[in-house]
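Here are my notes on the model you asked about. Have it open while you read, and go through the points in order.

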Amino acid sequence: MSAKIISGTEIAAQIREELKKEVAELKDQHGVVPGLVTILVGKNPASVSYVTGKQKTAHELGFNSIQDDQSENIAEADLLKLIDKYNKDSKIHGILVQLPLPKHIDEKKVLNAIDPDKDVDGFHPVNVGRLMIGGAEVKFLPCTPAGIQELIVRAGFETSGAEVVVVGRSNIVGKPIANIMLQKGRGANATVTIVHTGTKNLEAHCKRADILIVAAGVPGLVKPEWIKPGSCVIDVGVNRVGEKLSEKTGKMVPILKGDVDFDAAKEIAGAITPVPGGVGPMTITMLMKNTVASAKMHAGLQGK
Ligand code: NAP
């Protein structure tokens, strides 16, 4: 039997609808409007496109959204001053600095200057530490891993007691999703294994996964025969494997493939995410969710 396809596009749209209602209620009942600033340094086309997507979504949800464009030549000290201004601005609840930054600027220094309570990307060392401690300490989950957790939960998979195997140990996907899955609580409480290039028998680990999360960036790394029948497969990998002519635009567009052989894997797994249209659409949505959570936190409305 063919696996259920977990559509990140549909689930992200559903979460955005929920957020839209929540934002309207926050405004009507408490006079609170979530504020998100995206800071863009220079005009890198990919960064412009990412920031535009984030701003468009924020706007659609009814946020106070600000795009702050800065020159490629901005001095590091001036960028730090700008972040300090937004740290102190009570109308702003989320600050996002689009990466990469020009070479003369120390990225780490800039990201660490963001108030951890406005770090809606969830990568500030304080938020990484909070996730490690778990429970009520956690303020913001990093967006892609948080999106992965939502996909698993909304696809109806039980995580408590499940064998979760994560392929990859990056700071942006592998480590945080492993950490999220081992928290005590809903959508987690799993037995987690992380595998990487130093792992001796990748296949054996993958084969016992009830939930297999693959974030290696290697097209087709996970073979269909490594997948446990009926399991949930989350393919985070986005790999450009060529180009094709788009019928819609008449322009060349990249051909994207995941880390799992989707066509063969869907005949074995119980549920699987496609690439594209799986994890990808969740990331911006979770950024919006974090910003709403931050606005509530700053207004003392957590749990409401
Ligand atoms: P990364 O920083 O390159 O990390 C890849 C990880 O996979 C590393 O830990 C590496 O192990 C491991 N790995 C690579 N080849 C392996 C192999 N043959 N066997 C076992 N482990 C292997 O990548 P990332 O930033 O986590 O991203 C992973 C993929 O997810 C990429 O395709 C990226 O484009 C995609 N991604 C998608 C989204 C999204 O959809 N929103 C967001 C983020 C990333 P070592 O540590 O031992 O080197």
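How many nonpolar, polar and charged residues does the shell around the ligand have?

1. Before anything else, keep in mind that this is a predicted model. As for the question, the shell around the ligand is made of 10 polar residues, 9 nonpolar ones and 1 charged one.

2. Now pick out some names. There are 20 residues around the ligand, and the ones that come nearest are Arg169, Ser170, Thr197, Val238 and Thr283. Try clicking on each of those in your viewer.

3. Next, look at the polar contacts. The side chain of Arg169 has an N or O atom 2.7 Å from an oxygen atom of the ligand. Two valines come in through their backbones instead: a polar backbone atom of Val238 sits 3.0 Å from a ligand oxygen, and for Val236 the distance from a polar backbone atom to a ligand oxygen is 3.3 Å. As for cover, the ligand taken alone would expose 920 Å², and the protein buries 69% of that.

4. Let's leave the ligand and turn to the largest nonpolar core, which has 47 residues. Within it, Ile148, Ile213 and Ile234 touch the most other members.

5. So where do the core residues come from? Elements giving two or more residues include the helices α1 (8–30), α6 (143–154) and α7 (174–181), along with the strands β5 (163–167), β7 (211–214) and β8 (232–235). The helix α10 (282–298) is also on that list, and α10 gives the most, with 7 residues. Domain 1 (33–115) and domain 2 (142–281) each supply at least three residues to this core.

Terms used
Residues are numbered from 1 along each chain as its sequence is written. This is a predicted model: local features need pLDDT of at least 70, side-chain atom pairs count only at pLDDT 80 or more; totals for chains, interfaces and linings use all residues. Side-chain values use heavy atoms; hydrogens and water are left out. A residue is near a molecule or strand if one of its heavy atoms lies within 4 Å of it. A polar contact is a pair of N or O atoms within 3.5 Å; within protein, one must be able to donate a hydrogen and the other to accept it, and residues adjacent in sequence count only if both atoms are side-chain atoms. Accessible areas come from the Shrake-Rupley method with a 1.4 Å probe; for residues, only the protein chains shown count as cover. Ala, Val, Leu, Ile, Met, Phe, Trp, Tyr, Cys and Pro count as nonpolar, Asp, Glu, Lys and Arg as charged, and the others, Gly among them, as polar. A nonpolar core is a set of buried Ala, Val, Leu, Ile, Met, Phe, Trp, Tyr and Cys residues joined through side-chain atoms within 4.5 Å. Buried means under 20% relative accessible area, exposed over 50%, partly exposed in between (1.4 Å probe, protein chains only). Helices (H or I, at least four residues) and strands (E, at least two) are DSSP runs, numbered from the N terminus. Domain bounds come from an automatic or database domain assignment.
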